[in-house]
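Hi,

Here's the structure I said I'd pass along. Have a look at it first, and my notes on what turned up follow underneath.

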Amino acid sequence: MSGLRQGLCWLPVFLVAWSASNFIIPYIIAVCRHDVSVIFPYISTAGATPPESCIFGLMAVITACAALATMYARYKFMERLLEETSRVSPRLNSASLLLGMCSCLGMCVVGSFPESTVLVVHDIGAFLFFVSGVGYILLQTVMGCQLAPYRSSLCWIRSSLVAVAILALVSAIICGSLQRPTDPSRDPTPQSDPLHVASAACEWILAFSFVCFFLTFINEFKLFSLLVRVEYM
């Protein structure tokens with residue numbers, strides 16, 4: 001527990017634990033209530049029916065807030081590092097924060113508009129969340145690798161996670177666009193619609209690649225803290 005008191009490392013620790021729970025808890029409830037199949041439903045499908053939809057929506061908003069706080073802290077940390085080097089353009093740091101904010105907005109939309117009620121808005125939010133999220137971790141990896149030695153193990157780990165995320169994103173989009181329309185009252189199986197299950201599996205892989213990526217922030221967040229200064233006008 002003493003390690004959590006170093007710098008701001010508690011922030012990514014909370015984000016990783018909470019976001020993983022955000023995906024897993026509604027799924028477990030949905031499976032126990034027989035609302036979805038055990039085999040790879042879409043994450044949002046597992047959180048589309050009450051009471052799991054209420055839990056999923058609340059946890060999604062908290063996840064988005066925690067992610068935004070983590071991304072802003074990371075932005076300030078990188079801003080401080082970039083003051084001492086010209087290897088990385090500060091515009092990359094700003095663009096990364098902007099993409100992160102868009103991803104958090106998409107997460108809030110996904111949690112607030114279940115696919116069972118407002119499908120179009122939900123899908124727009126999911127697209128914004130995943131595409132912007134991949135852009136965020138990509139830019140963070142580019143900046144981190146330019147600042148760190150090329151043989152840094154952390155750089156290779158993040159690069160691998162980005163590669164997995166991009167592959168999962170592309171596969172999810174392709175499989176999702178090719179799957180045949182299904183009866184909403186029936187939960188597709190690998191036999192009835194393999195493309196649906198493949199797309200959902202890629203979505204799970206993509207979501208947990210984000211979780212694992214934020215896990216790599218923990219040691220770096222031990223190195224700094226943020227202070228708020230109040231000034232009278």
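Which helices each supply at least two residues of the lining of the largest cavity? They are H1 (10-32), H3, H4, H5 (119-147) and H7 (194-215). Bear in mind that this is a predicted model.

Some background on that: searching the whole structure gave two cavities of 30 Å³ or more. The largest has a volume of about 200 Å³, and 18 residues line it. Nearest its centre you'll find Thr63, Ala67, Phe129, Phe210 and Phe214. Sorted by class, that lining comes out as 14 nonpolar and four polar residues, with no charged ones.

The second largest cavity comes in at about 90 Å³. Its lining includes Phe23, Ile43, Ser44, Met107, His122 and Glu203. Phe129 turns up here too, having already appeared by the centre of the largest cavity. Here H2 (43-46), H4 and H5 each supply at least two lining residues, and H5 has the largest share, with four. The class split for this one is eight nonpolar, two polar and one charged.

One other spot to click on is serine 89, in the loop between H3 (52-82) and H4 (90-112). Serine 89 counts as partly exposed because its relative accessibility is 35%, which falls between the 20% and 50% cut-offs. Serine 89 also sits 8.7 Å from methionine 143, C-alpha to C-alpha, with the two 54 residues apart in sequence.

Cheers

Terms used: Residues are numbered from 1 along each chain as its sequence is written. This is a predicted model: local features need pLDDT of at least 70, side-chain atom pairs count only at pLDDT 80 or more; totals for chains, interfaces and linings use all residues. Side-chain values use heavy atoms; hydrogens and water are left out. Buried means under 20% relative accessible area, exposed over 50%, partly exposed in between (1.4 Å probe, protein chains only). On a 1 Å grid over the protein atoms alone, a cavity is a set of points where a 1.4 Å probe fits but cannot get out, and a pocket is an open set with protein on both sides within 12 Å along at least five of seven lines; lining residues have an atom within 4 Å of a point. Grid points are joined across faces, edges and corners, and a volume is the space filled by probe spheres set on the points. Ala, Val, Leu, Ile, Met, Phe, Trp, Tyr, Cys and Pro count as nonpolar, Asp, Glu, Lys and Arg as charged, and the others, Gly among them, as polar.
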